[in-house]
Amino acid sequence: MNLDHPLIQSVVLPLLVAFGTAGLLHRLIGARHGPRWAAAALGLAVLACSLLLLGWRLALPATAVEKLPWVFAAAWLTGLLLDATRPARWLQWAFASLLWLALSWWLGSKDVISGAASALIGTAVLAALHDSASERASAASMSLIASLGLAAVAMMSGSLLLFQLSVLLAAALGGVALWLWPKARIAFGPAAWVTAGIGWLALAHMAALLTPAPPTALAALAAVFIAGPIVRRLPLMGRRVVVEPLVVAVAAALLAGVALAWTASIEAHDTPDAGDNPYYTSQVEPR
């Protein structure tokens, strides 16, 4: 197996690590606490596979890209801490939101307005994920669709790296989702939804910071996360635990499609010169 192949790094490994680790944790910890801790496999898969792709800078990271593994690690450890201490539900959202405010400031922004928008959108996304976390497969499905949508935006905006990282997050979510549907065998607690939410927000923030992706399109893509809270309030027919995640996935895909169409319409007015390949645009750090 060639670990340097993009397909292996971004799809196969995160999916297998998330799926395998979730099953292993479930079995080793036992039937009583195993389901709650098994979702920690998501953060482990995202962190381990992103380190394989990006490397690890032990010294203080100098660029936004070098900060990403630290962001993933902070989100994962915070989720684990919340799962261990089990505070009130509103406190879980509050801690996750404060963490994102700190991380978004650390990653930097183009200007004050974009930084404030990133912070506000982040708290809304985390609130929607927090609201949907009890419907385990639904939270995972809309996070997966949002990650695939972000991958498409990254590709359209010329960032191979952000495309790979977004697909990596989606693959890890897919590995965990296999334990959540059609029968929920593990939980999707803070160790999972905090990692999924902040991981997605960090990648979207990077797309706004380092690529020409339209900020309005990225904001529209964040609307994917309202699919879960809306659908869970609908009077669905049949076995809700089976039907609801499918309806959430469809609603999320429609919302993501709107964001992608908006991105395509804006970037159509800024077509690169002949001979340029926007898919391989290099990552440039703002000064």
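Which helix of the protein chain has the lowest confidence, and which has the highest? The model is predicted, and its confidence varies along the chain. The lowest mean among the helices belongs to α12, residues 240–267, at 88. The highest belongs to helix α8, residues 160–177, at 96. The protein chain as a whole averages a pLDDT of 88. A score of at least 70 is reached by 90% of the residues. Over residues 272–284, however, the pLDDT is below 50. Beyond near neighbours in sequence, that stretch has 19 contacts in the model.

Helix α4 comes next. It covers residues 64–85, 22 residues in total. From the first C-alpha of α4 to the last, the helix reaches 31 Å. That is close to the 32 Å expected at 1.5 Å a residue. R86 follows just after α4. This residue lies in the loop between α4 and α5. Its phi is near 50 degrees, a positive value in a residue other than glycine.

Two packed helices are described by the angle between their axes and the distance between the axes. Three pairs are treated in this way below.

The first pair joins α4 to helix α3, residues 41–54. The two axes come within 9 Å and cross at roughly 165 degrees. An angle over 145 degrees counts as roughly antiparallel, and α3 and α4 are therefore roughly antiparallel to each other. The crossing of α3 past α4 is left-handed. On the α3 side, the contact is formed by G43, L44, V46, L47, S50, L51 and L54. On the α4 side, these residues meet V65, L68, P69, F72, A73 and W76. Of the residues in this contact, 11 are nonpolar and two are polar. No charged residue takes part.

The second pair is helix α5, residues 89–107, with helix α9, residues 190–210. Here the axes come within 11 Å, and the crossing angle is roughly 25 degrees. Angles under 35 degrees count as roughly parallel, so α5 is roughly parallel to α9. The crossing is right-handed. Helix α5 contributes Q92, W93, A96, L99, W100, L103, S104 and L107. Their partners in α9 are P190, W193, V194, I198, L201, A202, H205, M206 and L209. The contact of α5 with α9 holds 14 nonpolar residues, three polar and no charged.

Helix α9 also takes part in the third pair, with helix α10, residues 215–222. The axes of α9 and α10 come within 10 Å and cross at roughly 165 degrees. That angle makes α9 roughly antiparallel to α10. Helix α9 passes α10 in a right-handed crossing. In α9, the residues involved are W200, A204, A207 and A208. In α10, they meet L218, L221 and A222. Seven nonpolar residues make up this contact, with no polar and no charged ones.

One peptide bond deserves a note. The bond that joins W181 and P182 is cis, with an omega of about 5 degrees. P182 has its place in the loop between α8 and α9.

Note on methods: Residues numbered from 1 in each chain as written. Predicted model: local features only at pLDDT ≥ 70, side-chain atom pairs only at ≥ 80, totals over all residues. Heavy atoms only, no water. pLDDT = per-residue confidence, 0-100. Helix = DSSP H or I, 4+ residues; strand = E, 2+ residues; numbered from the N terminus. Contact = heavy atoms within 4.5 Å. Expected span 1.5 Å × (residues − 1). Axes fitted to C-alpha atoms, helices over the stretch in contact; angles between N-to-C directions. Parallel < 35°, antiparallel > 145°, perpendicular 65-115°, else oblique. Left-handed = near helix turned anticlockwise from the far one by under 90°. Nonpolar A, V, L, I, M, F, W, Y, C, P; charged D, E, K, R; others polar.
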